Amino acid sequence: MTTPVTAVIAFGSNLGKSTDTIRLAAERLSRHPGIASLRLSPLYRTAPVGYTDQPDFVNAAALIETTLDAYALLSLLHTVEQDAGRERSFRNAPRTLDLDIIDYGGQTKDDPALTLPHPRAHLR
């Protein structure tokens, strides 16, 4: 059996029913067999960064315990985003759901698929 790893996931949304989208995404993740626990922070609003001609974001963070490796977790997050209608039109574009791994067990990675900790973790 794989030992669970503690990870931090950032949630963001500024299109559609953002509050509902984030709560549903957290619920879906918490039901995944590779996620042993998920504790979601309160929701909060932030102004957009980079491309600012868009609505404010609803954000949250979650502390999870997972047996998924970092790449499998990233794949799961991308699937949840896609199922929520995420379109990747340009950097910092408005989005129905954005899920990022901020930290994964304190690991450091820097490859084209995954950078850990998240390169903008200090801003979140």
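Which residues have the most contacts inside the largest nonpolar core?

**Entry 1: the core.** I worked on a predicted model, in which local features need pLDDT of at least 70, side-chain atom pairs count only at pLDDT 80 or more, and totals for chains, interfaces and linings use all residues. Residues are numbered from 1 along each chain as its sequence is written, and side-chain values use heavy atoms, without hydrogens and water.

I looked up the largest nonpolar core (buried Ala, Val, Leu, Ile, Met, Phe, Trp, Tyr and Cys joined through side-chain atoms within 4.5 Å; buried means under 20% relative accessible area, exposed over 50%, partly exposed in between, with a 1.4 Å probe and protein chains only). It has 26 residues, and Phe11, Leu29, Ile64, Leu73 and Ile101 have the most contacts inside it. Two or more residues each come from β1 (5-13), α1 (18-31), β2 (35-40), β4, α2 and β5. Helices (H or I, at least four residues) and strands (E, at least two) are DSSP runs, numbered from the N terminus. The largest share, 6 residues, belongs to α2.

**Entry 2: Ile64.** Beyond neighbours within four places in sequence, I found Ile64 in contact (heavy atoms within 4.5 Å) with residues including Val5, Ile35 and Leu73.

**Entry 3: Lys17.** I located Lys17 in the loop between β1 and α1. Lys17 counts as exposed because its relative accessible area is 64%. Lys17 and Val58 lie 41 residues apart in sequence and 9.7 Å apart in space, C-alpha to C-alpha.
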